[in-house]
Amino acid sequence: MPSVTLFRRGPETDTEKSGIGRYGDKTERAILARTERCENIFFSFSKRDGILSSLRRSLIDPLMQLMNLNGSTDIYHATEELSGMFLPLVRGRKIVTFHHVSAPGEDMSGPIGYLIWKVAAAVTVRSADIILAASPQTRDELVKTYKLDSKVIEVLTAEIGKQFRTLENTERTSTVGCVSSLMPRKNVAALIRSFSEALKMPGMSDTKLIICGKGPERDGLMRLTRELGIEDNTEFVSGLTDDEIVRFYNTVSAFVLPSSHEGLGLTVIEAQRCCAPVLYFKDARIPEEVIRYAVPCDGEAEMAEQIRRLLSDETYRNRIADTAFEYANGFGEDFEERIIDIYERLIR
């Protein structure tokens, strides 16, 4: 087993786990299952930290850690495209995982944030020996955007943690759920408008919408609920542990992925593993293998109607959930075996 160093964003706490953070954790566990050593080099960048602190966390500290390794690593794996900016600085074999390909205004705040991502992604693509794509859709976006040969890209779908499961002694409530970062690409405003329309339907006045997540759009989304007069039916929460998120999935009667674009969208599979039926917008760019057993909605009006139906028709809700459960239960189960095989093939 070759020695591996992971470049990662973070570190994240138990109540701040992102999808990218979980991917790094899964990769580390796969390595440690075969060997006693896995180095992590973390970096973080946040405007809230101030210029000096951001410079230290995003550049100085990672470089010091890299120097301490003294070239003792066989493989350097950037677990997401932004951390791949360190790959040109190292010797050894290099891998990067792309979770999605951003468009302007989709992710990081403002044009400067997008420029940072764009530069880092371009550097990463040119530095890596192997590029891993989170889905066939992301692979195709990489080929189109960077004019790459698809032979240098390997699709590797992440596994779902075993903690996502059905729980005993829980009941479905009259609740619609969403787990998402609050940024433009996630399209949470469309969900709020759909929920507002659903509330006007017979028997729906006591329904709640719970949005789990944080991000730059949070204040604007809260303002939207006030403008629509649904603030009493809407709750924003963040800082949940994995156990709390699993319990949340087990109590909602409808889970919504409102995103306009996802590189993978594993919250769909997480929810389905907990037997929650999932809705999404039909025109969204989301990999087919994730939404295969979710319910497509042709616009906000149809999503409102599907919310009403899932909450009022238990037979329909259970049919959607049961159909998806078996598929979700085996999703990405070969991840650990395949990532180790990729490392070993790269060294050979």
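**Figure 1. Surroundings of L69 in helix α2 of the predicted model.** Leaving out residues up to four places away in sequence, L69 touches T5, R37, E39, I41 and Y76. The residue belongs to helix α2, which spans residues 51-69. L69 counts as buried because its relative accessibility is 11%, under the 20% limit that defines a buried residue. A distance to another part of the chain is also given: the C-alpha atoms of L69 and D341 are separated by 24 Å, and these two residues lie 272 residues apart along the chain.

**Figure 2. Strand β3 and its pairing with β1 and β4.** Strand β3 comprises residues 75-78 and is covered on both faces. I75 and H77 lie on one side, Y76 and A78 on the other, and all of them are buried. In a regular strand, side chains alternate between the two faces of the sheet. Strand β1 (residues 4-9) pairs with β3 in the parallel sense over 4 bridges, and L6 has H77 as its bridge partner in β3. The strands β3 and β4 also run parallel and are joined by 4 bridges. Here H77 has I95 as its bridge partner in β4. H77 thus appears in both pairings, with L6 and with I95.

**Figure 3. The buried residue H99 in the loop between β4 and α3.** The loop that holds H99 connects β4 (93-98) with α3 (110-127). With a relative accessibility of 13%, H99 counts as buried. Not counting residues up to four places away in sequence, H99 touches I20, Y23, T79, E80, E81, A134, T138, G263 and L264.

**Figure 4. The contact between helices α1 and α12.** Helix α1 covers residues 19-32 and helix α12 residues 335-347; they pack at an angle of about 70°, with their axes 9 Å apart. The two helices are therefore roughly perpendicular to each other. The contact residues of α1 are Y23, K26, T27, R29, A30 and I31, which meet F335, E336, I339, I340 and Y343 of α12. By class, the residues of this contact divide into 7 nonpolar, 1 polar and 3 charged. Y23, listed here on the α1 side, is also among the residues that H99 touches.

**Figure 5. Contacts of E141 in helix α4.** E141 is located in helix α4, which runs over residues 136-146. Its relative accessibility is 12%, so E141 counts as buried. Aside from neighbours within four places in sequence, E141 is in contact with V101, H261 and R285.

**Figure 6. An open parallel sheet of 6 strands, with helices α7 and α10.** The strands follow the order β9-β8-β7-β10-β11-β12. At the edges stand β9 (234-237) and β12 (295-297), each of which pairs on one side only. Neighbouring strands of the sheet are turned against each other by 25° on average, direction ignored. Helix α7 (residues 242-251) packs on the sheet and touches β7, β8 and β10 (254-257); the direction of α7 makes about 140° with that of β7. Helix α10 (residues 300-312) lies across β7, β10, β11 (278-281) and β12, and runs at about 175° to β11. Within the sheet, strand β7 (residues 175-179) pairs with strand β8 (residues 208-212) in the parallel sense over 5 bridges. In this pairing, T175 stands opposite K208 in β8.

**Figure 7. The buried and exposed sides of helix α6.** In helix α6 (residues 218-227), L221, L224 and T225 are buried. Seen down the axis of α6, the buried residues fall within an arc of 100°, so they line one face of the helix. D219 and E227, on the other side of α6, are exposed. The cover over the buried residues of α6 includes α5 (188-199) and β9. G229 follows α6 and has a positive phi, near 75°.

**Figure 8. The crossing of helices α10 and α11.** The axes of α10 and helix α11 (residues 314-329) come within 5 Å and cross at roughly 100°. The two helices are therefore roughly perpendicular to each other. In α10, the residues Q306, R309, L310, L311 and S312 meet E314, Y316, R317 and R319 of α11. The contact of α10 with α11 has 3 nonpolar, 2 polar and 4 charged residues.

Key:
Residues are numbered from 1 along each chain as its sequence is written. This is a predicted model: local features need pLDDT of at least 70, side-chain atom pairs count only at pLDDT 80 or more; totals for chains, interfaces and linings use all residues. Side-chain values use heavy atoms; hydrogens and water are left out. Axes are lines fitted to C-alpha atoms, for helices over the stretch in contact, and angles run from 0 to 180 degrees between N-to-C directions. Angles under 35 degrees count as roughly parallel, over 145 as roughly antiparallel, 65 to 115 as roughly perpendicular and the rest as oblique. Contact means heavy atoms within 4.5 Å. Ala, Val, Leu, Ile, Met, Phe, Trp, Tyr, Cys and Pro count as nonpolar, Asp, Glu, Lys and Arg as charged, and the others, Gly among them, as polar. Buried means under 20% relative accessible area, exposed over 50%, partly exposed in between (1.4 Å probe, protein chains only). Two strands pair if DSSP finds at least two bridges between them. The arc is that of the directions from the helix axis to the C-beta atoms.
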